[in-house]
Amino acid sequence: MQKPLSTSADAPLETRQGVCNLCEAICGLSFQVQGEHIVSIKGNDADPFSRGHVCPKAVALKDVHEDPDRLRRPVKRVGQGTDARWVEISWDEAFDLVARELVQVRQQHGANAVGVYQGNPTVHNWGNITHGPLFMGQLKTRNRFSATSVDQLPHHLTSYWLYGHQFLLPIPDIDRTQYMLMLGGNPLASNGSIMTVPDVRKRLKALQARGGKLVVVDPRRTETAAIADEHLAIKPSGDAAFLLSMVHVLLNESLAKPGHLLPLLKDLEALKAAVAPFSPEATAAQSGIDSATTRRLTRELAQAESGVCYGRMGVSTQVNGVVCQWAIQVINILTGNLDREGGALVTHPAIDLVKTGLIGPGHVGVWHSRVRKAPEFGGELPVSVLAEEILTPGRGQIRAMVTSCGNPVLSTPNGQQLDQALAQLDFMVSVDFYINETTRHAHVILPPTCFVEHDHYDLVFMHFAVRNVARYSPAILPKPEGALHDWEIYAGLAKRYAQHAWALERGGTTQRLKGMLTRSAMSRLRPDQLLALGLRKGAYPLRMKQLRAAPQGIDLGPLRPGLVQGLSKKGRAIPLLPAAIAGELPMLAATLPGAAPDADSLTLIGRRDVRSNNSWMHNSERLVSGKARCVLWMHTEDAARRGLVDGQTVQIISRVGQVAAPVFITPDIRPGVVSLPHGWGHGRQGVKLGVASRHAGVSLNDLTDDQLTDRLSGNAALNSLTVRVAALAQAT
Ligand SMILES: Nc1nc2c(c(=O)[nH]1)N[C@H]1C(S)=C(S)[C@@H](COP(=O)(O)OP(=O)(O)OC[C@H]3O[C@@H](n4cnc5c(=O)[nH]c(N)nc54)[C@H](O)[C@@H]3O)O[C@H]1N2
Ligand SMILES: Nc1nc2c(c(=O)[nH]1)N[C@H]1C(S)=C(S)[C@@H](COP(=O)(O)OP(=O)(O)OC[C@H]3O[C@@H](n4cnc5c(=O)[nH]c(N)nc54)[C@H](O)[C@@H]3O)O[C@H]1N2
Ligand code: SF4
Ligand SMILES: [Mo]
């Protein structure tokens with residue numbers, strides 16, 4: 001299947017500068033290469049942004065490159081279940097088959113019968129962004145899904161409401177702030193999110209060294225909590241109540257001083273009235289944080305020379321995700337820290353996706369899902385509804401799927417239900433280089449080149465970086481013969497799809513003809529050629545020549561204000577209390593002080609580990625070796641009450657499913673809370689991941705509930721799940 005890599009022992013040893021695009025930190029790397037062989041991977045000390053930092057996953061780029069399980073040619077599935085075989089086919093045959101099948105489903109059942117899921121690496125591999133829309137756009141389906149709705153959707157909705165654009169996301173100015181209040185994020189393991197921050201440990205240590213303070217709010221004593229000045233082990237999902245109390249204190253203790261923001265603020269009085277029920281005394285039972293602490297922290301943040309409140313996955317993927325992200329913005333606004341050095345600032349990247357219009361402002365509720373009536377945001381429906389849209393018969397039912405860069409069977413709530421749903425599709429195509437829990441359901445898999453074989457410019461994460469930087473990384477190794485990059489796959493699919501659609505629909509309008517011509521012109525341009533065009537239009541007078549001459553990256557300076565100026569120029573105010581939030585707060589107030597917990601149940605939250613990356617890096621021996629990591633963290637008292645001993649296998653039971661995993665007993669988690677990482681569960685039949693299958697673990701998302709979503713956005717409420725845990729033999 002795979003041509004052996006030439007090790008060319010006599011080829012010269014060369015050093016090439018590149019980048020790791022596995023996670024949002026986008027660390028600069030230094031590769032030693034001999035022929036087509038990677039000899040070593042290290043942090044690039046010359047990189048002005050990442051300054052030589054790497055985590056253990058960087059070296060695994062070599063493992064992915066050399067992985068015998070990684071597909072190099074398109075494959076077609078013959079047979080099903082235990083009889084399934086995968087046969088290599090040519091690109092031409094593959095494109096033809098995919099286009100024909102998709103056009104046919106559309107002809108028979110309408111455009112919405114084709115569903116799309118675009119997973120996390122979509123935003124980590126720029127070819128998906130530059131060329132993906134050429135193909136995906138043609139499908140014209142309303143059934144589009146992505147990892148956004150198991151992740152940062154509340155950030156987008158909040159920015160859309162407050163600042164008029166889903167991508168105007170203020171980033172913590174971590175290098176200059178004097179106070180950081182962090183909720184539901186663990187950058188020491190995740191390396192930062194919606195905050196591209198390579199070498200975060202050093203940056204947080206520097207914050208402390210200059211007299212600043214780091215406060216971490218997390219039910220678990222995480223790696224980040226362990227280095228914080230203060231850790232508050234909040235009750236899962238107690239954050240909305242806690243944050244609303246902070247807003248309450250700011251407004252009732254005359255601590256609010258929005259300063260430069262004041263002329264833009266609307267509805268300040270309405271906001272004060274809306275948060276009236278949320279005094280720290282009223283919310284303490286729900287958050288588990290006593291009122292004196294809430295008041296003290298609010299005063300500290302308000303009085304700090306500069307400060308920032310930041311919240312990530314733990315506060316986004318819960319039932320009050322939008323309220324949390326909105327309250328975080330409001331706190332930064334009221335303390336005058338928005339758009340101010342040392343606070344939270346929008347970035348000024350060389351390619352500005354907002355200013356260039358490459359990403360639109362967003363829209364909400366223009367259509368709704370067929371079965372549950374969940375609202376779209378920015379053209380996508382929440383992925384929690386995907387399985388029911390496949391399983392529920394009727395007009396508009398999804399009958400074919402396109403997945404790319406994603407493994408939703410392991411990544412989205414009630415994965416087992418989705419697993420069953422995908423098995424009944426008429427057709428499925430996956431753009432992916434592994435046969436995993438999701439792609440094993442595909443009829444055709446189209447594998448792109450892997451990271452070291454293509455060039456990269458980080459269009460998305462430079463937007464979220466804590467410094468303005470530009471860095472273009474040429475491919476480390478040449479593209480193997482017969483391989484295609486992601487962008488070439490989309491260009492190929494776009495062309496073939498248009499031809500089939502054209503032939504079947506027998507001609508078309510001038511508008512369609514125009515569309516075809518634009519697509520064909522665009523698809524001939526490589527991503528780097530598009531980048532060159534974009535740079536010319538950007539805020540910096542940068543040329544590709546300069547970027548090519550500086551593969552370590554070009555520093556464009558620290559974050560700087562710009563949001564207020566941009567909004568003022570447009571005559572736009574900041575509506576502090578969007579209508580949907582105003583409607584939500586009374587309902588939240590009604591839940592205070594909260595129902596008494598059921599003594600038998602526990603609250604399940606997730607966990608990330610520095611040697612893991614969502615669902616797909618478990619086929620690297622060096623990352624999965626050592627102690628098993630798919631284990632259930634449980635507090636010592638909860639274990640004692642259940643008579644459990646460390647390492648014992650327990651059954652974890654939720655409304656939708658049950659899984660068995662070893663228990664890890666620790667004082668480092670709030671009593672009543674248990675934690676399991678996501679992205680495991682590689683033991684399913686038909687998965688072709690040799691190493692991962694031997695370290696299979698179980699899937700957290702076989703427990704998470706597709707019916708539990710954030711009320712306002714439909715984002716999955718992955719955290720705060722009610723479960724029961726018992727020794728394996730006793731479980732019923
Ligand atoms: N319970 C729970 N569930 C979660 C989370 C959680 O915290 N808790 N986190 C959520 C979050 S934040 C996210 S982002 C999602 C991620 O979940 P997904 O969107 O499903 O993404 P991954 O699990 O990263 O899977 C990536 C897939 O893309 C393939 N791939 C890798 N690189 C490329 C490439 O360059 N091109 C192509 N075509 N394919 C590639 C890999 O082989 C793999 O199949 O999971 C979510 N699920
Ligand atoms: N090593 C590694 N790095 C990664 C990834 C990975 O899988 N592995 N994934 C990448 C992706 S796609 C993303 S989106 C980012 C995510 O980046 P982060 O958000 O920084 O990462 P998480 O570890 O998910 O952090 C969520 C934290 O929220 C806590 N939490 C859970 N429930 C609650 C709650 O109710 N309230 C509060 N306050 N906290 C809660 C959890 O204990 C956890 O520590 O990481 C990225 N980086
Ligand atoms: S922190 Fe690790 S995974 Fe993330 S970009 Fe850097 S080396 Fe890659
Ligand atoms: Mo994510």
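In this predicted model, ligand 3 is surrounded by a set of residues made up of Cys-20, Leu-22, Cys-23, Ala-25, Ile-26, Cys-27, Val-54, Cys-55, Lys-57, Ala-58 and Asn-191. When the residues of this shell are sorted by character, 9 are nonpolar, 1 is polar and 1 is charged.

The surroundings of the other two ligands are best described against the domain assignment of the protein, which gives domain 1 (1-141 + 399-454 + 485-544), domain 2 (157-349 + 574-587) and domain 3 (595-730). The centres of domain 1 and domain 3, taken over C-alpha atoms, are separated by 30 Å, and the contact between these two domains takes 34 residues from domain 1 and 33 residues from domain 3.

Ligand 1 is surrounded by 30 residues, of which Asn-407, Ser-411, Asp-432, Asn-436 and Ser-615 are the closest. Both domain 1 (1-141 + 399-454 + 485-544) and domain 3 (595-730) contribute to this shell, each with at least three residues. By character, the residues around ligand 1 comprise 15 nonpolar, 11 polar and 4 charged. Several polar atoms of the protein approach the ligand: the side chain of Asn-125 places an N or O atom 2.9 Å from an oxygen atom of ligand 1, while a polar side-chain atom of Arg-608 lies 3.0 Å from an oxygen atom of ligand 1. In the case of His-678, an N or O atom of the side chain is 3.4 Å from a nitrogen atom of ligand 1. Taken alone, ligand 1 exposes 920 Å², and the protein buries 98% of that area.

Around ligand 2 there are 31 residues, and those that come nearest are Asp-218, Asp-239, Arg-608, Ser-612 and Asn-614. This shell receives residues from both domain 2 (157-349 + 574-587) and domain 3 (595-730), and ligand 2 therefore lies between these two domains. In terms of secondary structure, helix 5 (187-190) and helix 12 (313-316) each supply at least two residues of the shell. The residues around ligand 2 divide into 10 nonpolar, 14 polar and 7 charged. Polar contacts to ligand 2 involve both side chain and backbone: an N or O atom in the side chain of Asp-239 is 2.7 Å from a nitrogen atom of the ligand, a polar backbone atom of Ser-612 is 2.7 Å from a nitrogen atom of the ligand, and a polar backbone atom of Ala-189 is 3.1 Å from a nitrogen atom of the ligand. Taken alone, ligand 2 exposes 920 Å², of which the protein buries 97%.

Attention then turns to backbone geometry. Most residues other than glycine have a negative phi. Cys-405, although it is not a glycine, has a positive phi of about 50 degrees, and this residue is found in the loop between strand 17 (400-404) and helix 15 (408-411). Because its relative accessibility is 12%, which falls under the 20% limit, Cys-405 counts as buried. A positive phi, in this case near 55 degrees, is likewise found for Asn-414, a residue other than glycine. Asn-414 belongs to the loop between helix 15 and helix 16 (415-423), and its relative accessibility of 9% is under the 20% limit, so Asn-414 also counts as buried.

Two histidine residues were also examined. His-131 lies in helix 3 (residues 126-139) and, at 0% relative accessibility, counts as buried. The side chain of His-131 makes a polar contact of 2.7 Å with the side chain of Thr-130 and reaches the backbone oxygen of Leu-525 at 2.8 Å. When residues up to four places away in sequence are not counted, the residues touched by His-131 are Trp-487, Tyr-490, Ala-491, Met-522, Ser-523, Leu-525, Arg-526, Pro-527 and Leu-530. Thr-317, which stands 186 residues from His-131 along the chain, has its C-alpha atom 29 Å from that of His-131.

His-156 is placed in helix 4 (residues 153-163) and is buried, with a relative accessible area of 5%. A polar contact of 3.1 Å joins its side chain to that of Gln-152. Leaving out residues up to four places away in sequence, His-156 touches Thr-148, Gln-166, Phe-167, Leu-169 and Phe-377.

Technical notes. Residues numbered from 1 in each chain as written. Chains lettered and ligands numbered in written order. Predicted model: local features only at pLDDT ≥ 70, side-chain atom pairs only at ≥ 80, totals over all residues. Heavy atoms only, no water. Near = heavy atom within 4 Å. Polar contact = N/O pair within 3.5 Å; in protein donor to acceptor, adjacent residues only side chain to side chain. Areas by Shrake-Rupley, 256 points an atom, 1.4 Å probe, with all protein chains shown as cover. Helix = DSSP H or I, 4+ residues; strand = E, 2+ residues; numbered from the N terminus. Nonpolar A, V, L, I, M, F, W, Y, C, P; charged D, E, K, R; others polar. Domains from an automatic or database assignment. Buried < 20%, exposed > 50% of the residue type's maximum accessible area, 1.4 Å probe, protein only. Contact = heavy atoms within 4.5 Å.
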